[in-house]
Amino acid sequence: AAADGRDEDEDYSRRTFNCSPMLKDQIFSSSYFKSLLAINTIEDLIEEIAQYADTLDVYNAGSNTTPSCFICQAYRLFTM
């Protein structure tokens with residue numbers, strides 16, 4: 001266990017990474033984010049970002065409910 005009493009392998013779904021609960025739910029509901037869970041190395045995630053991140057916007061163009069690839073990728077990075 002960590003020095004502060006928390007389990008070091010705490011379930012990442014309970015962490016917020018300073019992300020709003022609504023955006024977090026939208027990310028977790030995203031099929032793209034779910035596909036990112038198969039990526040287990042930073043190197044592979046960097047390759048994914050280079051290939052698919054086309055904007056730094058939080059949401060896809062024309063949407064305020066579908067998170068962008070980059071936001072999903074960044075959240076995946078936080079959960080690694």
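Q: How many helices and how many strands does the protein have?
A: This is a predicted model, so let's start with its secondary structure. From the N terminus on, the elements run α-α-α-α. The count for the protein is four helices and zero strands.

Q: What average pLDDT does the protein have?
A: Confidence isn't even along the chain, and over residues 1–6 pLDDT stays under 50. For that stretch the model has three contacts beyond four places in sequence. Across the protein, 80% of the residues score at least 70, and the average is a pLDDT of 85.

Q: What share of the residues counts as buried?
A: Buried here means under 20% relative accessible area. The protein has 80 residues to sort by that cut-off, and the share that counts as buried is 28%.

Q: How much of the accessible surface belongs to carbon and sulfur atoms?
A: Take the whole accessible surface of the protein, which comes to about 5,500 Å². The part that belongs to carbon and sulfur atoms is 52%.

Q: Among contacts between residues at least 6 apart in sequence, what percentage joins residues at least 24 apart?
A: An example of two residues set well along the chain from each other is leucine 45 and leucine 77, 32 residues apart in sequence and 7.5 Å apart in space, C-alpha to C-alpha. Leucine 45 also touches Leu77. For the protein, the percentage of such contacts that join residues at least 24 apart is 56%.

Q: Is leucine 45 buried or exposed?
A: Leucine 45 is found in helix H3. Not counting residues up to four places away in sequence, it touches Ile39, Gln73, Arg76, Leu77 and Met80. Its relative accessible area is 2%, and the cut-off for burial is under 20%, so leucine 45 is buried.

Q: Is isoleucine 46 buried or exposed?
A: Isoleucine 46 has its place in helix H3 too. Its relative accessible area is 51%, and the line for exposure is drawn at over 50%, so isoleucine 46 is exposed.

Q: Which residues make the nonpolar surface patch?
A: Look at helix H3 (42–52) and H4, which each supply at least two residues of the patch. The patch covers about 450 Å², and its members are Ile42, Ile46, Leu77, Phe78 and Met80.

Q: Where is isoleucine 49 found, and what is its relative accessible area?
A: Isoleucine 49 is found in helix H3. From there to cysteine 72 is 23 residues in sequence and 9.8 Å in space, C-alpha to C-alpha. Isoleucine 49 is partly exposed, with a relative accessible area of 26%.

Q: Which helices are included in what covers the buried residues of H4?
A: First, the residues to be covered: the buried ones in H4 are Ile71, Cys72, Gln73, Ala74, Tyr75, Arg76 and Thr79. Their cover includes helix H1 (21–29), H2 and H3.

Q: How many aromatic pairs are there, and what kind is the one between phenylalanine 28 and phenylalanine 33?
A: Ring centres have to lie within 6.5 Å to pair, and by that rule the count comes to four aromatic pairs. For phenylalanine 28 and phenylalanine 33, the centres are 5.5 Å apart and the planes 15 degrees apart. Planes under 30 degrees apart count as stacked, so this pair is stacked.

Q: Why is the pair of phenylalanine 33 and tyrosine 75 edge-to-face?
A: Phenylalanine 33 counts as buried at 2% relative accessibility, and tyrosine 75 is buried at 3%. The pair links distant parts of the chain, with phenylalanine 33 in helix H2 (residues 31–36) and tyrosine 75 in helix H4, 42 residues apart. The ring centres are 6.0 Å apart, and the planes sit at 75 degrees where over 60 is needed, so the pair is edge-to-face.

Q: Which residues form the aromatic cluster?
A: Two of its members, phenylalanine 33 and tyrosine 75, have ring centres 6.0 Å apart. The one cluster is formed by Phe28, Phe33, Tyr75 and Phe78.

Q: Which residues is cysteine 69 in contact with, leaving aside its neighbours within four places in sequence?
A: Cysteine 69 lies in helix H4 (residues 69–79) and is partly exposed, with a relative accessible area of 22%. Its C-alpha atom is separated by 8.0 Å from that of threonine 55, 14 residues apart along the chain. The contacts of cysteine 69 are Tyr32, Tyr52 and Asn60.

Definitions and conventions
Residues are numbered from 1 along each chain as its sequence is written. This is a predicted model: local features need pLDDT of at least 70, side-chain atom pairs count only at pLDDT 80 or more; totals for chains, interfaces and linings use all residues. Side-chain values use heavy atoms; hydrogens and water are left out. Buried means under 20% relative accessible area, exposed over 50%, partly exposed in between (1.4 Å probe, protein chains only). Contact means heavy atoms within 4.5 Å. Accessible areas come from the Shrake-Rupley method with a 1.4 Å probe; for residues, only the protein chains shown count as cover. pLDDT is the predictor's confidence in each residue, from 0 to 100. Patches are made of residues with over 30% relative accessible area and no salt bridge: like charges are joined within 9 Å, nonpolar side chains (Val, Leu, Ile, Met, Phe, Trp, Tyr) within 5 Å. A salt bridge is a side-chain nitrogen of Lys or Arg within 4 Å of a carboxyl oxygen of Asp or Glu.
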